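Student: Could you take me through one part of this structure slowly? I would like a close look at the place where its two domains meet.

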Amino acid sequence: MATVGFVGLGNMGAPMAANLVRAGHAVRGFDLSAGAMQQARDAGVQAAPDAAAAVRQASVVITMLPAGRHVLSAYPGLLQAAPKGALFIDCSTIDVDSARQAHALAEQAGMPALDAPVSGGTGGAAAGTLTFMVGGSEGAFAAAEPVLSAMGRSRVHCGAAGAGQAAKICNNMILGISMIGVSEAFVLAEALGLSHQALFDVASASSGQCWSLTSYCPVPGPVPSSPANRGYQAGFAAGLMLKDLRLAQQAAEASGADAALGRHAAEIYAALAEAGHERADFSAVINAIRGRSQR
Ligand code: NAD
């Protein structure tokens, strides 16, 4: 069993740390927020007085922080405090450049490192069913297996440093765009007098089939578990989708890849967030599309 230092015990980090405790790992955690610390303590995480104390005896260090700047400002202190050879796993969703810089800092300090962002949301974090998209060496990936398997159902080794973050933003760019496409189709169907169920029955068995339609349908009814059936309560918040689309745009601009629909999708979710729906599920984008339609 590993001794895990866990930094960032928010909506995702706290349930992930709780699953590590449940699997028998010793977990020492730290978060800047007193509320997050209390929640983690209730789940059996040992509360450390600061980040360095959380990782001082750790064989594995996990970070689950908001953005690249938080990871890069935390890493130097964590790398200094952790025992030599500790495995550093950053599960935050951050930009590819910052992920590569974090790998470089770890390498300079002689520590193996992985970027391992997740999909599956807070529900997957609580249920231990996350998917990890992992970048880093084969050896580090193999060493991470016992802790990643305690927090998630699947792990994909995507390639070298930063490849996990690259996979995450490419996947979420598909998701953000496809949700807009599915929502536009339902709004057009409404305008044409076609029922939601009829469109669903046809498209889910035809070439329009995709996850945004069949697992996360943006209208109530056809998929009872989708957020549309509970007032668009997230789920996956529009603000987080916007964050990921902006990371994808940043990467597209830096690498020279043309991602015109990704850019347009980011503008559409930005408008949704600015209209006060940042915390709503991202499938609420259908209401904005209806609002812009002339009927
Ligand atoms: P959150 O805001 O709930 O948690 C982040 C935590 O980090 C906060 O509790 C904050 O106090 C803490 N923190 C910030 N700086 C710190 C520092 N220097 N030391 C210690 N603690 C610090 O966010 P979240 O929803 O848990 O998301 C975490 C990461 O996971 C983000 O990168 C997010 O994009 C990604 N993610 C979130 C979801 C989701 O559905 N919430 C899904 C997939 C990926």
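Tutor: Happily! Across the interface of domain 1 and domain 2, three residue pairs are in polar contact, both residues being at pLDDT 80 or more; such a contact is a pair of N or O atoms within 3.5 Å, where within protein one must be able to donate a hydrogen and the other to accept it, and residues adjacent in sequence count only if both atoms are side-chain atoms. By class, the side of domain 1 that touches domain 2 has eight nonpolar, two polar and one charged residues (nonpolar: Ala, Val, Leu, Ile, Met, Phe, Trp, Tyr, Cys and Pro; charged: Asp, Glu, Lys and Arg; polar: the others, Gly among them). Between the two domains the count of salt bridges is zero, a salt bridge being a side-chain nitrogen of Lys or Arg within 4 Å of a carboxyl oxygen of Asp or Glu.

This is a predicted model, so local features need pLDDT of at least 70 and side-chain atom pairs count only at pLDDT 80 or more, while totals for chains, interfaces and linings use all residues. Residues are numbered from 1 along each chain as its sequence is written, and side-chain values use heavy atoms, leaving out hydrogens and water.

Now for the extent of the meeting place. Domain 1 covers 3-160 and domain 2 covers 166-294, with bounds from an automatic or database domain assignment. Their centres, taken over C-alpha atoms, are 29 Å apart. In contact (heavy atoms within 4.5 Å) are 11 residues of domain 1 and eight residues of domain 2. Together they bury about 750 Å², 66% of it on carbon and sulfur atoms; buried area is the accessible area (1.4 Å probe) that two parts lose on being put together, summed over both.
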